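Dear colleague,

I am handing over the structure below, which is a predicted model. Please have it open while you read the notes that follow.

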Amino acid sequence: MFARRQDALAALFERHGLPEQRGKRLAVFIIAAVEGSVIMCRAERSPAALEAAAAEIHDLLVHALQNRPETGPRP
């Protein structure tokens with residue numbers, strides 16, 4: 001299950017212009033962050049960890065896509 005999700009995310013990132021290795025690393029990181037935060041949410045009985053992870057993942061992806069090699073930094 002993890003491998004399929006990883007491959008799907010990596011392929012999506014590649015389609016959006018990220019280099020293959022960067023896409024693969026991001027996919028692993030995102031899955032690990034989400035899965036880890038789900039465990040924390042269960043232990044803490046609070047959605048706070050998942051909300052925090054989602055916000056950081058969002059910011060990371062915005063930055064990665066805005067600064068992909070083909071386009072360079074955007075204002």
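Helix H1, which covers residues 2-15, packs with helix H2, which covers residues 20-44, at an angle of about 135°, and the axes of H1 and H2 lie 8 Å apart. That angle makes H1 oblique to H2, because angles over 145 degrees would be needed to count as roughly antiparallel, while roughly perpendicular covers 65 to 115. The crossing of H1 and H2 is, in addition, right-handed.

As for the residues that bring these helices together, H1 contributes Phe2, Arg5, Gln6, Leu9, Ala10, Phe13 and Glu14, and these meet Glu20, Gly23, Lys24, Leu26, Ala27, Val28, Ile30, Ile31 and Glu35 in H2. Sorted by character, the residues of this contact between H1 and H2 comprise 9 nonpolar, 5 charged and 2 polar ones. To take one residue of H1 in detail, Ala10 touches Gly23, Lys24 and Ala27, when residues up to four places away in sequence are not counted.

Ala10 also belongs to the largest nonpolar core, which has 8 residues in all, the others being Phe13, Leu18, Leu26, Ala27, Ile30, Ile57 and Ala64. Two or more residues of this core come from each of H1, H2 and helix H3, the last of which spans 48-66. The largest share, 3 residues, is given by H2.

A further residue that you may wish to look at is Ser37, which has its place in helix H2. Is Ser37 buried or exposed? With a relative accessible area of 3%, Ser37 is buried, since buried means under 20%. Leaving aside residues up to four places away in sequence, Ser37 touches Ala49, Leu50 and Ala53. Of these, Ala53 is 16 residues apart from Ser37 in sequence, and the C-alpha atoms of Ser37 and Ala53 are 6.7 Å apart in space.

With kind regards

How values were computed:
Residues are numbered from 1 along each chain as its sequence is written. This is a predicted model: local features need pLDDT of at least 70, side-chain atom pairs count only at pLDDT 80 or more; totals for chains, interfaces and linings use all residues. Side-chain values use heavy atoms; hydrogens and water are left out. Axes are lines fitted to C-alpha atoms, for helices over the stretch in contact, and angles run from 0 to 180 degrees between N-to-C directions. Helices (H or I, at least four residues) and strands (E, at least two) are DSSP runs, numbered from the N terminus. Angles under 35 degrees count as roughly parallel, over 145 as roughly antiparallel, 65 to 115 as roughly perpendicular and the rest as oblique. A crossing is left-handed if the near helix is turned anticlockwise from the far one by less than a right angle, and right-handed if clockwise. Contact means heavy atoms within 4.5 Å. Ala, Val, Leu, Ile, Met, Phe, Trp, Tyr, Cys and Pro count as nonpolar, Asp, Glu, Lys and Arg as charged, and the others, Gly among them, as polar. A nonpolar core is a set of buried Ala, Val, Leu, Ile, Met, Phe, Trp, Tyr and Cys residues joined through side-chain atoms within 4.5 Å. Buried means under 20% relative accessible area, exposed over 50%, partly exposed in between (1.4 Å probe, protein chains only).
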